[in-house]
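Thanks for coming, everyone. I want to walk through some helix packing and then a cavity. Please have the model open in front of you.

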Amino acid sequence: MSFPSLEAAQSAILMMLQEDFRNKISCVLGIYSCQMFVNNCSMDSLYPKEENTEEEKNNTNVDDDDEEDVKLVRVPFLRNDWFDDHFDITEPKHLIGKTLYLLSRETDNTLSRSYQIIGLAMFHKWDKAAALLNTFADSKDCKAAQSAILMMLQEDFRNKISCVLGIYSCQMFVNNCSMDSLYPKEENTEEEKNNTNVDDDEEDVKLVRVPFLRNDWFDDHFDITEPKHLIGKTLYLLSRETDNTLSRSYQIIGLAMFHKWDKAAALLNTFADSKDCSLLNEAIEKTKALMDEIPEDEEKTKEKLLNKFNGLFEKMKSGGKIQDESLAALLESHLKDVLKNEKDDVDAQQKLFSQWESERKLAHDKQNVELDKERRLKVIEEKKEYLFWKEKLLFFFENEDENLEEVKKVKELVASLKGQTKTEDTYMPPEMIKKAPERLTKYKRLARVKKL
């Protein structure tokens, strides 16, 4: 079934602008519409700019500087240079982002919380996304970790506060929750359990051939379903955005949880060869503990990894690059230091508001210029029509032969129409409603001379 992504996304945006979220089904469909639009369409196609028609292009050649052909009209309008961050939004990405955020707020589950973070990121509300991540992190459950994982999948690490909060969220999840609670499997209802007990008779089974796409390729990103691997890759990618002892330690822990042993060994070798690259002793212990979790049937692989990593750890210890600080304490202090930069995010958001206001003013002025040009062209067209009929009137007797020829042709046409066979008219005219008489302009009144 083909889904009209563009029209559906526009409808979801209108629902967001109206702020009418009473119908939960409409909210879910709105989120789905925006997701389909992001997957299948480009942002520029949300509200494409209309190209000028040939007539408009020809009209642009009219000289607007001719004061005799120009009639200025004063039109009242509302002067409002304030950007309200709702109805004044014109950026497609921001519209989709705010729609995702507001629609997903109406429900409280893993998916909706994740779409809140994605929506705020698309809307460039980094301070609000960081605050939401902080709220999830304080709740000590899987909400914040799920949001950090989605931020990793989107590969959007521009906001440093969000990155540190994402690492903190994953650490809190590892400390307080089990891996199975990250994405718990839904239990079957009683009705489904009863249905599984029904014996499927071979006579009642009908096999249907269904076409499907064969794709056995694993992309190692969106296809990851193992909770430990998701947490590990999130820790690794988020900690890459900074370069200090804490981030390097979390890179090693993340790769170990992700079971990327070769990559972790290469990274440790790089740290050992460089001058100012240190690690926490707690990170080494956690890496060794993760290696101990390798199943017994891979004992040979386990021994090789232990020997390889022990050699790298000894190399770093001999170079004095192992620190004995607490991982949790260092993370807490780093989080406090990063949150001090909150003012920079606020200032950046304020600059963005100023930029939006200036863009709105430019768009407003451009629209006024276009409207004024349209009024001028309309006045010129009316004057041209008036001059045409005025010329007809003044040169009537000079062109009398041509006019009489036209009258003769009209009479012949009327006679031929009367000679045609009459057909029964079954058309029923609609009820006519009297309208107020149109107020004619000066040139339209003068143009009525054609009836003479």
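Keep in mind that this is a predicted model.

Let's start with a pair of helices. The crossing of α11 and α12 is left-handed. R248, Q251, I252, L255 and A256 form the α11 side of the contact. On the α12 side you have W261, K263, A264, L267, L268 and F271. Sort them by class and you get 8 nonpolar, 1 polar and 2 charged residues.

Now the geometry. α11 covers residues 245–257, and α12 covers residues 261–273. The two pack at about 160 degrees, with axes 8 Å apart. Angles over 145 degrees count as roughly antiparallel. So α11 and α12 are roughly antiparallel to each other.

Next pair: α2 and α4. α2 is residues 24–40, and α4 is residues 92–104. Their axes come within 9 Å and cross at roughly 150 degrees. That angle makes α2 roughly antiparallel to α4. The crossing here is left-handed.

Which residues of α2 and α4 meet? From α2, take C27, G30, I31, C34, F37 and V38. From α4, take I96, T99, L100, L103 and S104. How does this contact divide by class? The count is 8 nonpolar and 3 polar, with no charged residues.

Third pair: α7 and α8. α7 runs over residues 142–154, and α8 over residues 160–176. The axes come within 8 Å. They cross at roughly 130 degrees. Are these two parallel, antiparallel, perpendicular or oblique? An angle has to be over 145 degrees to count as roughly antiparallel, and the roughly perpendicular range is 65 to 115. α7 and α8 are therefore oblique to each other. α7 passes α8 in a left-handed crossing.

Look at the side chains there. α7 brings C142, A144, A145, A148 and M151. They meet S162, C163, G166, S169, C170 and F173 of α8. By class, this contact has 8 nonpolar residues, 3 polar and no charged.

Now the cavity. How many cavities of 30 Å³ or more does the structure hold? It holds 1. The volume of the largest cavity is about 50 Å³.

Which residues line the largest cavity? Find V164, I167, T242, N244 and L246. Then add S247, Y250, L331 and H334. Three elements give two or more residues each to this lining: α8, α11 and α15, the last being residues 327–339. Of the elements, α11 gives the most, with 3 residues. What is the mix of classes in the lining? It divides into 5 nonpolar and 4 polar, with no charged residues.

One link to close on. We met α11 in the contact with α12, and we met α8 in the contact with α7. Both α8 and α11 turn up again in the lining of the largest cavity. Click on those two helices and you can follow both parts of this talk.

Note on methods: Residues numbered from 1 in each chain as written. Predicted model: local features only at pLDDT ≥ 70, side-chain atom pairs only at ≥ 80, totals over all residues. Heavy atoms only, no water. Axes fitted to C-alpha atoms, helices over the stretch in contact; angles between N-to-C directions. Helix = DSSP H or I, 4+ residues; strand = E, 2+ residues; numbered from the N terminus. Parallel < 35°, antiparallel > 145°, perpendicular 65-115°, else oblique. Left-handed = near helix turned anticlockwise from the far one by under 90°. Contact = heavy atoms within 4.5 Å. Nonpolar A, V, L, I, M, F, W, Y, C, P; charged D, E, K, R; others polar. 1 Å grid on protein atoms, 1.4 Å probe; cavity = no way out; pocket = protein on both sides within 12 Å on 5 of 7 lines; lining within 4 Å. Points joined across faces, edges and corners; volume = space filled by probe spheres on them.
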